[in-house]
Amino acid sequence: MPFDLNQHWNSSEINPFIIGGPCSAESYEQLYSVCEQLSELSVPLIRAGVWKPRTRPGGFEGMGKEALGWIQRVKNELNVNFVVEVASTQHVEEALKYGIGALWIGARSSANPFTMQEIAESLRGVDVPVFVKNPINPDLSLWVGAIERIHGAGIDKVAAIHRGFSTYAKSEYRNPPTWQIPIELKRLFPELPLICDPSHISGDRSKVFDIAQAALLLNYDGLMIEVHPDPEKALSDAAQQITPMMLKEMMQKWRMTRSKSSNIWYNSKQEAIRTQIDELDKRIVEAIGERMHLVRTLGEYKKENQVSIFQVERWDEIFKTRSEWGEDLELNALFLQKLYQAIHDESIRLQSEIMNNKDQVEGMTE
Ligand code: PEP
Ligand code: MN
């Protein structure tokens, strides 16, 4: 029986839809214990890794078919639903043979269009929900492409899982969330359910709650959280897994939001504030338009006088003064620096265009 995503989705308008369970299925006892506790918390879908993608050989690679046997047993004994990761056509076949009702695709697979196409083909004619994690690299198109391939194979129950993105830079997270990517995904595909995986983003159980809370405030549809009966002894991802008790506490603690309110007082306030914001945004866009007009004019003069487009002292001055101007207004300095980086980049692009186009036009008239 495929897992009925829509039914569980709709039944939890306020409570987030939760996928909980161990990083890996390690033994029958481990699986039974965690599932029993998750079932008491009414977690609708249980995750369990069967084949583990390890970065280097020699790590724990999952229990494979043996784990599928335990899953089947626990599923019948406790009447719970499972989702497992598939990374090849062979995994898809095995998982379906063992009656797994939902599948997820990991970050390493969604980064590879060949793998995605093969998995998608092997799912043709199959009715199971498929959850597609973001690719390891921060590339929205690659994520969209992976989702499209699954959808293109006739799977209509597709959801996205945001698990953060790999980075070489030092970060407080194992996989920094880079929220603007999933937010843009939601903007492009508002109907696509979006789930956050705070476990793989944080890599640290003490940070799971905050990331989950941030996702809920951003109106995510659900969470995928790694839960293990004895996290410290876990064979994979020991640092980030939480106990069922910790999950229970989180479920009682997190602040829920929803996309709409039925409170008319709130709605009229929202309307009024949004009108003011729209007016301000219009003025901001107009001001940027005026700024860019001046930038173009200056570009013409620079061209005539053979002055370089980029001057480091000028950029340094802009970078420093703009964030200082924001201090009294309680504007975050880093935010202003990023904003001006973008404005300055665009100014350089416009002036470069002027330099290059002029050359072509002059060349043509000569
Ligand atoms: C996992 O969910 O355990 C996993 C390997 O995730 P990801 O593909 O996000 O690294
Ligand atoms: Mn894991």
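Helices and strands are here taken as DSSP runs, of at least four residues for a helix and at least two for a strand, numbered from the N terminus. The exercises below concern a predicted model.

**Exercise 1. In which strand does Glu226 lie, and is Glu226 buried or exposed?**

Step 1. Under the definition just given, Glu226 belongs to strand β8, which covers residues 222-226.

Step 2. A residue counts as buried when its relative accessible area is under 20%; Glu226 has 1% relative accessibility and is therefore buried.

Step 3. The side chain of Glu226 makes a polar contact of 3.1 Å with the side chain of His200, and a polar contact of 2.7 Å joins the side chains of Glu226 and Gln240.

**Exercise 2. Find the protein donors of the manganese ion (ligand 2), and state their spacing along the chain.**

Step 1. Cys23 donates through SG, His200 through NE2, Glu226 through OE and Asp237 through OD, and these donors lie 2.1 to 2.4 Å from the manganese ion.

Step 2. Along the chain, the donors follow the spacing C-x176-H-x25-E-x10-D.

Step 3. Cys23, in the loop between β1 (17-21) and α2 (28-40), and His200, in helix α9 (residues 198-202), are 177 residues apart, and the pair thus links distant parts of the chain.

Step 4. Cys23 and His200 are both buried.

**Exercise 3. Check whether the length of helix α7 (residues 140-152) agrees with the expected span.**

Step 1. The expected span is 1.5 Å times one less than the number of residues, so the 13 residues of α7 should span 18 Å.

Step 2. The end C-alpha atoms of α7 are 18 Å apart, which agrees with that expectation.

Step 3. At the start of α7, a side-chain oxygen of Asp139 comes to within 3.1 Å of the backbone nitrogen of Ser141, while just after the helix Gly154 takes a positive phi of about 95 degrees.

Step 4. The buried residues of α7 include Trp143, Val144, Ile147 and Ile150.

**Exercise 4. Decide whether Phe335 is buried, partly exposed or exposed, and name the surface patch that Phe335 helps to make.**

Step 1. Phe335 is found in helix α14, residues 333-365.

Step 2. Buried means under 20% relative accessible area and exposed means over 50%; because its value is 44%, Phe335 is partly exposed.

Step 3. Together with Leu329, Leu331 and Leu339, Phe335 makes a nonpolar surface patch of about 370 Å².

How values were computed
Residues are numbered from 1 along each chain as its sequence is written. Chains are lettered from A and ligands numbered from 1 in the order in which they are written. This is a predicted model: local features need pLDDT of at least 70, side-chain atom pairs count only at pLDDT 80 or more; totals for chains, interfaces and linings use all residues. Side-chain values use heavy atoms; hydrogens and water are left out. Patches are made of residues with over 30% relative accessible area and no salt bridge: like charges are joined within 9 Å, nonpolar side chains (Val, Leu, Ile, Met, Phe, Trp, Tyr) within 5 Å. Accessible areas come from the Shrake-Rupley method with a 1.4 Å probe; for residues, only the protein chains shown count as cover. A salt bridge is a side-chain nitrogen of Lys or Arg within 4 Å of a carboxyl oxygen of Asp or Glu. Buried means under 20% relative accessible area, exposed over 50%, partly exposed in between (1.4 Å probe, protein chains only). Donors are N, O and S atoms within 2.8 Å of the metal (3.2 Å for Na, K and Ca); water is not among the atoms, so sites may look incomplete. A polar contact is a pair of N or O atoms within 3.5 Å; within protein, one must be able to donate a hydrogen and the other to accept it, and residues adjacent in sequence count only if both atoms are side-chain atoms.
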